[in-house]
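Biologist: Please pick one part of this protein and take me through it slowly. I am in my first year, so a step-by-step picture would help me most.

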Amino acid sequence: MITLRQLTKTYGRGGTAVTVLDRLDFEVPTGRIAAVVGPSGAGKSTLAQCINLLERPTSGSVVVNGEELSGLPEKRLREARRRIGTVFQSSSLLSRRTAAENIALPLEYLGVTPNEARARVAELLDRVGLADKAGHYPFQLSGGQAQRVGIARALALRPSILLADEATSGLDPDTTRSVVGLIRQLRDDLDLTVVFITHEMDTVRQVADTVARLDHGRIVEQGTLVELLTSH
Ligand code: ADP
Ligand code: ADP
């Protein structure tokens, strides 16, 4: 479960200060997929960075499974980040590493033993349907496959939250459908709480249980998919 309360992010100070997120309230129950939509400049990337703790909010709170994360000191913040896995737009895979090595990166960084890392990577490759692509380099993967590797990497540290930041943007419709199907499957299997940030309404229809519309740093509309689609 993720709860954002009165989340505010202001860049700069004084006369040139820009408030990008403005006392935003948002909640995603455990096991749900919540889409966040909104026009360019609405604050979606900033919201993503506040959720995965890469940016500190100016005020307000980020609560994950009952624990307040926004005010933690740097060391505890690094630990807290493991609870949130992020999938970025069109694969940020390292080109000189194989699929398996890319997935292993967070484990390596954390000092997980090579044996345990190997087992975890094999399990993750299997989960994302790429057991036979372990040794492939990113250039040998299709867009959809690369994004599946990105998802596996995001799950390497067994987070309870999956944050997808424009994760299907740039993929063709069929590939998007297959990646979205995978995310829903993983949510079911791992009981993930998913925040799916996108500007693509077609994708929202396929993936989301609930939808929040962000505009000028505030959630201006929020509800189930059916509620939002019937109000337009
Ligand atoms: P979106 O992802 O919805 O397009 P962003 O979160 O990228 O929105 O940006 C929202 C607003 O915040 C934009 O007006 C952008 O210029 C501003 N912004 C984003 N990051 C910074 C920053 N580091 N410094 C100043 N302004 C920023
Ligand atoms: P996906 O839906 O998993 O992205 P695609 O329909 O894009 O799969 O690709 C189907 C098959 O074609 C894949 O199994 C992959 O091996 C191969 N393929 C697609 N694009 C490429 C590519 N750029 N380089 C190598 N193989 C590719």
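## A close look at one sheet

Modeller: Let's start with two strands: β1, covering residues 2-11, and β4, covering residues 59-64, pair in the antiparallel sense over 5 bridges. Please keep in mind as we go that this is a predicted model. To find one place where you can see the pairing, look for Thr8, which stands opposite Ser59 in β4. If pairing is a new idea, here is the background: strands of a sheet are joined through backbone hydrogen bonds, and the pairing is either parallel or antiparallel.

Now go along to the next partner of β4. Strand β5, made of residues 67-68, runs antiparallel to β4, and 2 bridges join them. You can find them through their residues: Val63 stands opposite Glu68, and the bridge partner of Val64 is Glu67 in β5. What do β4 and β5 form together? They form a hairpin, with 2 residues between the two strands. One residue to look for in that turn is Asn65, which has a positive phi of about 45°.

With those pairs in hand, we can put the sheet together. It is an open sheet of 4 strands in the order β2-β1-β4-β5, and the pairing is antiparallel. Which strands stand at the edges? They are β2 (18-28) and β5, and each has a single partner strand, so one side of each is left without a neighbour in the sheet.

Next, step back along the chain from β4. Pro57 sits in the loop that links α1 (44-51) to β4. Is Pro57 buried or exposed? Its relative accessible area is 16%, and because buried means under 20%, Pro57 counts as buried. Pro57 also ties back to the strand we began with. In sequence Pro57 and Leu7 are 50 residues apart, yet in space their C-alpha atoms are 6.6 Å apart. Leaving out residues up to four places away in sequence, Pro57 touches Leu7, Thr8, Lys9, Cys50, Val62 and Ser70. Two of these are worth a second look: Thr8 is the residue that stands opposite Ser59, and Cys50 is one of the buried residues in α1.

That brings us to the helix itself. α1 is mostly covered, with 6 of its 8 residues buried. The buried ones are Lys44, Thr46, Leu47, Ala48, Cys50 and Ile51. A general point helps when you look at a list like that: an α-helix has 3.6 residues a turn, so residues three or four places apart point the same way. Just after α1, Leu53 takes a positive phi of about 65°.

Positive phi values turn up elsewhere too, so here are two more to find. Glu166 is not a glycine, yet has a positive phi of about 55°. Glu166 belongs to the loop between β7 (161-165) and α6 (173-190), and is buried, with a relative accessible area of 13%. Asp191, again a residue other than glycine, has a positive phi near 55°. The loop that holds Asp191 runs between α6 and β8 (193-197), and at 47% relative accessibility Asp191 counts as partly exposed.

Finally, let's zoom out and set the sheet in its surroundings. The protein has 8 helices and 10 strands. Its radius of gyration is 18 Å, close to the 17 Å that the globule rule gives for 232 residues, so the protein is as compact as a globular protein of that length. Along the principal axes, the C-alpha atoms fill a box of roughly 50 × 45 × 30 Å. Buried residues make up 50% of the 232 residues. Among contacts with a separation of 6 or more, 68% come from residues 24 or more positions apart; Pro57 and Leu7, 50 residues apart in sequence, give you a pair to picture. As for the surface, about 11,000 Å² is exposed, and carbon and sulfur atoms supply 49% of it.

Note on methods. Residues are numbered from 1 along each chain as its sequence is written. Chains are lettered from A and ligands numbered from 1 in the order in which they are written. This is a predicted model: local features need pLDDT of at least 70, side-chain atom pairs count only at pLDDT 80 or more; totals for chains, interfaces and linings use all residues. Side-chain values use heavy atoms; hydrogens and water are left out. The radius of gyration is taken over C-alpha atoms; the globule rule is 2.2 Å times the number of residues to the power 0.38. Buried means under 20% relative accessible area, exposed over 50%, partly exposed in between (1.4 Å probe, protein chains only). Contact means heavy atoms within 4.5 Å. Accessible areas come from the Shrake-Rupley method with a 1.4 Å probe; for residues, only the protein chains shown count as cover. Two strands pair if DSSP finds at least two bridges between them.
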